[in-house]
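Visitor: I am new to this structure and would like to learn how to read it feature by feature. Could you show me the general idea each time, and then the case at hand?

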Amino acid sequence: MDKARRIAVQALVRQEESGFANLVLNAVLEHQDLTGRDRAFVSALFYGVTERLLTLDWALTNCLSRPLAKLDPQVRAILRSGLYQARYMQVPRAVAVNESVSLCRALKKSSAAGFVNAVLRKAVTQDPASASFKTEDERLSIQYSVGLPVVKLLQKNYPEECEQILQAFFETPRVALRCNPLKTTLVQLTKLLEAEGVEVEPGWLENTLLGKFTGSPAATEAFRQGLYHVQGQASQLAAYSLQAKPGEKVLDLCAAPGGKTLTIGEDMENTGTLISCDAVESRLPLIEKAAARAGLTNVTVLHNDASVYQEEFAGADRVLCDVPCSGLGIIAKKPDIRYKTMDGVEQLHELQAKILATAARYVKEGGRIVYSTCTIDPRENQNIVRAFLERNAGFRLVQPPFVPQGARVEDGMLTLLPGKAGPDGFFIAIMEKL
């Protein structure tokens, strides 16, 4: 594990310089010759430190006479990774400390070895659950390692559920799969996956399975054959709420990486016209590759800004607007989001409103728009929809076709909260043109 610990520390240093966690780790692992066990250890340590960063830094700061930010970046990463191992990975404290000291020498930071040893031995005794804080917001921020702006937003909008939501951000649910009915049945897929050593159970919706994989869910033979795609249950529900029918003209305006496009195309039984768009051109091949693997031939993939009107899109039966958002509902999947500052949210709200207004121009009478996000910020959800409806009397909210247990329905708008109806936080509003 010595090499694995060193690589994890190097990745943590790179991430601190710049970059999203998943991109940094993939870039670091790409050129490393590691066993599957070591690769898993690197990933667990790297993501774990990222996930628990505020808690780790609080404990370390309590044991330092100078600011943590003033330390050498490699030494800082060694301290964080050593403390995480001792507190959260069930590595014996003595082993975690000794390995961190050895890592100092391996990275030519021998002068810091004694310092790392002393700080870690003190830091492992620090526990935010039994500490005193100036405010409740500060306690929640440190204990659950979520930035104060996000904590305050959750406290304001979900005061009774806030701590349960924060706790849910640490959960690792089973992987949600969407069975491809064009190629197989749920029963057949279940048998195939179980034969490959995957534990599965039914999900909320028809053609949904929850799988427990020992490796990547994209590494099975069933995946390669296009018998399923990986897609969160809430995301599947957004696509399902569109209620797309065979032969219709359907738009997926913010489609990459393509999961919702696949679900919609399968609901359309690979007939009609499904236009799948994204504003980021480099992501279009992800949609094309996924559609080809699923055997969908009714999908047209286009580079398009969803906020700009395109006349050829008019006359659509269904339009899905899964708009760019703050992502506060999927913090468990994307630990970087924990530390959002919420700066620039006004521009994001403007974009969301503009995409929805543009979508309204495409749908024909009797048609349907689904507006969805993977956030639980009402300013991006209910506020956007209500403002749209005030300006567009020709649309009305439609009740969701399926409501998961624990979900909230307000004026027909569906909200899933992590820990209540999760695992993902999500918002779905269905509107019909009169």
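Guide: Let us begin with burial, for which we need a cut-off: a residue is called buried when its relative accessible area is under 20%, exposed when that area is over 50%, and partly exposed in between. Please keep in mind throughout that this is a predicted model.

Visitor: With that cut-off in hand, is I264 buried or exposed?

Guide: I264 has a relative accessible area of 0%, and because buried means under 20%, I264 is buried. This residue is found in helix α14, and, leaving out residues up to four places away in sequence, I264 touches A239, L242, A244, V250, D252, L274 and L320. One of these partners, L242, is 22 residues from I264 in sequence, while the two C-alpha atoms are 8.0 Å apart in space.

Visitor: How should I read the annotations that come from a record, and which residues does the "domain" annotation cover?

Guide: Such annotations may be inferred rather than shown by experiment, so they are best read with some care. In this case an unreviewed UniProt entry gives "domain: SAM-dependent MTase RsmB/NOP-type" for residues 165-434. In the model that span is 27% helix and 26% strand, and its end C-alpha atoms lie 37 Å apart.

Visitor: Which residues does the "binding site" annotation cover?

Guide: The unreviewed UniProt entry lists C254, A255, A256, P257, G258, G259, K260, D278, D305 and D322 under that heading. We can look at two of them in turn, beginning with C254, which is found in the loop between β5 (249-252) and α14 (259-267). C254 counts as buried because its relative accessibility is 16%. Beyond residues up to four places away in sequence, C254 touches C277, D278, A306, D322, V323, P324 and I355.

Visitor: And where does P257 lie, and is P257 buried or partly exposed?

Guide: P257 lies in the loop between β5 and α14, and at 48% relative accessibility P257 counts as partly exposed. Leaving aside its neighbours within four places in sequence, P257 is in contact with R283, L286 and I287.

Visitor: Where does UniProt place the "active site" feature, and what surrounds that residue?

Guide: The unreviewed UniProt entry places this feature at C374, a residue in the loop between β9 (363-373) and α17 (382-391). With a relative accessibility of 19%, C374 counts as buried. Apart from neighbours within four places in sequence, its contacts are C325, G327, L328, G329, I330, G425 and F426.

Visitor: How do I read the way two helices are packed, for instance at what angle α1 and α6 cross?

Guide: One compares the directions of the two helix axes, and an angle of 65 to 115 degrees counts as roughly perpendicular. The axes of helix α1 (residues 2-17) and helix α6 (residues 93-106) come within 11 Å and cross at roughly 70°, and the two helices are therefore roughly perpendicular to each other. In this contact D2, R5, R6 and V9 of α1 meet V95, E99 and L103 of α6; by class, there are three nonpolar, no polar and four charged residues.

Visitor: Let us turn to charge: how many salt bridges does a search of the whole structure find?

Guide: The general idea is that side chains of opposite charge can pair when their charged atoms come close. A search of the whole structure finds 22 salt bridges. One of them joins E161 and R408, whose closest N and O atoms are 2.4 Å apart. Because E161 lies in the loop between α9 (148-157) and α10 (162-168) and R408 lies in strand β11 (residues 408-410), the pair ties together parts that are 247 residues apart in sequence. E161 is buried, at 12% relative accessible area, whereas R408 counts as partly exposed at 36%.

Visitor: Which other salt bridges could I look for, and which residue pairs with R178?

Guide: R178 forms a salt bridge with D267, with the closest N and O atoms 3.8 Å apart. Since R178 lies in strand β1 (residues 175-179) and D267 in helix α14, this pair ties together parts that are 89 residues apart in sequence. R178 counts as buried at 3% relative accessibility, while D267 is partly exposed at 24%. Finally, E16, D57, R76 and R80 are linked in a network of salt bridges.

Notes
Residues numbered from 1 in each chain as written. Predicted model: local features only at pLDDT ≥ 70, side-chain atom pairs only at ≥ 80, totals over all residues. Heavy atoms only, no water. Helix = DSSP H or I, 4+ residues; strand = E, 2+ residues; numbered from the N terminus. Buried < 20%, exposed > 50% of the residue type's maximum accessible area, 1.4 Å probe, protein only. Contact = heavy atoms within 4.5 Å. Axes fitted to C-alpha atoms, helices over the stretch in contact; angles between N-to-C directions. Parallel < 35°, antiparallel > 145°, perpendicular 65-115°, else oblique. Nonpolar A, V, L, I, M, F, W, Y, C, P; charged D, E, K, R; others polar. Salt bridge = Lys/Arg side-chain N within 4 Å of Asp/Glu carboxyl O.
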